[in-house]
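Here are some exercises to work through with the model open beside you. Try each task before you read its solution.

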Amino acid sequence: MPGPLQVSGSVSVPEAELSWRFSRSSGPGGQGVNTTDSRVELSFDLAATEALGEVLKTRALERLAPRLVNGVITIAASEFRSQLRNREAAQMRLAQLLREAIAPPPKKRRPTKPSRGAIERRITAKKQRSDLKRLRRDHH
């Protein structure tokens, strides 16, 4: 599984920038529960990375700010019994997170005028409503 982490078509994170920690998972387990370090923590120093260009890096740092500790993002995976599966899960998640963090901001909405039909429908609805309320009045 080693090798760079492919984030998007043009962006990948070199293996050297990913740091792994392994620990024992919490929760129930069989005989192997106290011997296998199947919980995985993947840390990636976003602030120091060379993998992203300035623009992307700034964008990612801004968007992930709440999740960062000193510019480092950490992802934990412990849902699988096998360390390898957890490592894969952690990598997938990091890639997904970075992909979303460096995605270009959405296009600005160009304001448009309501169509003539829409205006007419609105006016008609208002008239009906007002007629209905008018009919409710005047009667004791």
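Two strands count as paired if DSSP finds at least two bridges between them. Keep this cut-off at hand for the sheet, and bear in mind that this is a predicted model.

**Exercise 1. Describe the secondary structure of the protein chain and its order along the sequence.**

Step 1. Start with the inventory: the protein chain has three helices and five strands.

Step 2. Now read along the sequence, where the pattern is β-β-β-β-α-β-α-α.

Step 3. Add the contacts. Among those between residues at least 6 apart in sequence, 61% join residues at least 24 apart.

**Exercise 2. Work out how strands 3, 4 and 5 are arranged in their sheet.**

Step 1. Take strand 4 and strand 5: six bridges join them, and they run antiparallel. The cut-off for pairing is at least two bridges. One pair to find on screen is Phe44 with its bridge partner Ile73 in strand 5.

Step 2. Turn to strand 3 and strand 4 (residues 39-45), which pair in the antiparallel sense over six bridges. Ser23 has Arg39 of strand 4 as its bridge partner, and Ser19 has Ser43.

Step 3. Put the pairs together: the result is an open sheet of three strands in the order 3-4-5, with antiparallel pairing. Strand 3 (18-23) and strand 5 (72-77) each have a single partner strand, so they stand at the edges and one side of each is left without a neighbour in the sheet. On average, neighbouring strands of this sheet are turned by 20° against each other, direction ignored.

**Exercise 3. Find which strands helix 2 touches and what its direction is relative to strand 5.**

Step 1. Helix 2 (residues 83-102) packs on the sheet and touches strand 3, strand 4 and strand 5.

Step 2. For the direction, compare helix 2 with strand 5: the two make about 140°.

Step 3. Look at how covered strand 4 is: five of its seven residues are buried.

**Exercise 4. Is Asn86 buried or exposed, and which residues does it touch?**

Step 1. Locate Asn86 in helix 2.

Step 2. The relative accessible area of Asn86 is 0%. Buried means under 20%, so Asn86 is buried.

Step 3. List the neighbours, leaving out residues up to four places away in sequence: Asn86 touches Ser38, Arg39, Val40, Ala77, Ser78, Glu79 and Phe80. You have already met Arg39 as the bridge partner of Ser23.

**Exercise 5. How far apart are Leu94 and Phe44 in sequence and in space?**

Step 1. Leu94 is also worth locating, and helix 2 is where to find it. With a relative accessible area of 1%, Leu94 is buried.

Step 2. In sequence, Leu94 and Phe44 are 50 residues apart. In space, their C-alpha atoms are 8.6 Å apart.

**Exercise 6. Look for ring contacts, then survey the whole chain.**

Step 1. Ring pairs need centres within 6.5 Å, and the count of aromatic pairs is zero.

Step 2. A charge does sit over a ring, though: Arg85 lies over the face of Phe80, at 4.1 Å from the ring centre.

Step 3. Finish with the surface. Of the 140 residues of the protein chain, 25% count as buried. The chain exposes about 10300 Å², with carbon and sulfur atoms supplying 54% of it.

Notes
Residues are numbered from 1 along each chain as its sequence is written. This is a predicted model: local features need pLDDT of at least 70, side-chain atom pairs count only at pLDDT 80 or more; totals for chains, interfaces and linings use all residues. Side-chain values use heavy atoms; hydrogens and water are left out. Rings of Phe, Tyr and Trp (its six-membered ring) pair if their centres lie within 6.5 Å; planes under 30 degrees apart count as stacked, over 60 as edge-to-face and the rest as tilted. A charge sits over a ring if NZ of Lys or CZ of Arg is within 6 Å of the ring centre and within 35 degrees of the ring normal. Helices (H or I, at least four residues) and strands (E, at least two) are DSSP runs, numbered from the N terminus. Buried means under 20% relative accessible area, exposed over 50%, partly exposed in between (1.4 Å probe, protein chains only). Contact means heavy atoms within 4.5 Å. Accessible areas come from the Shrake-Rupley method with a 1.4 Å probe; for residues, only the protein chains shown count as cover. Axes are lines fitted to C-alpha atoms, for helices over the stretch in contact, and angles run from 0 to 180 degrees between N-to-C directions.
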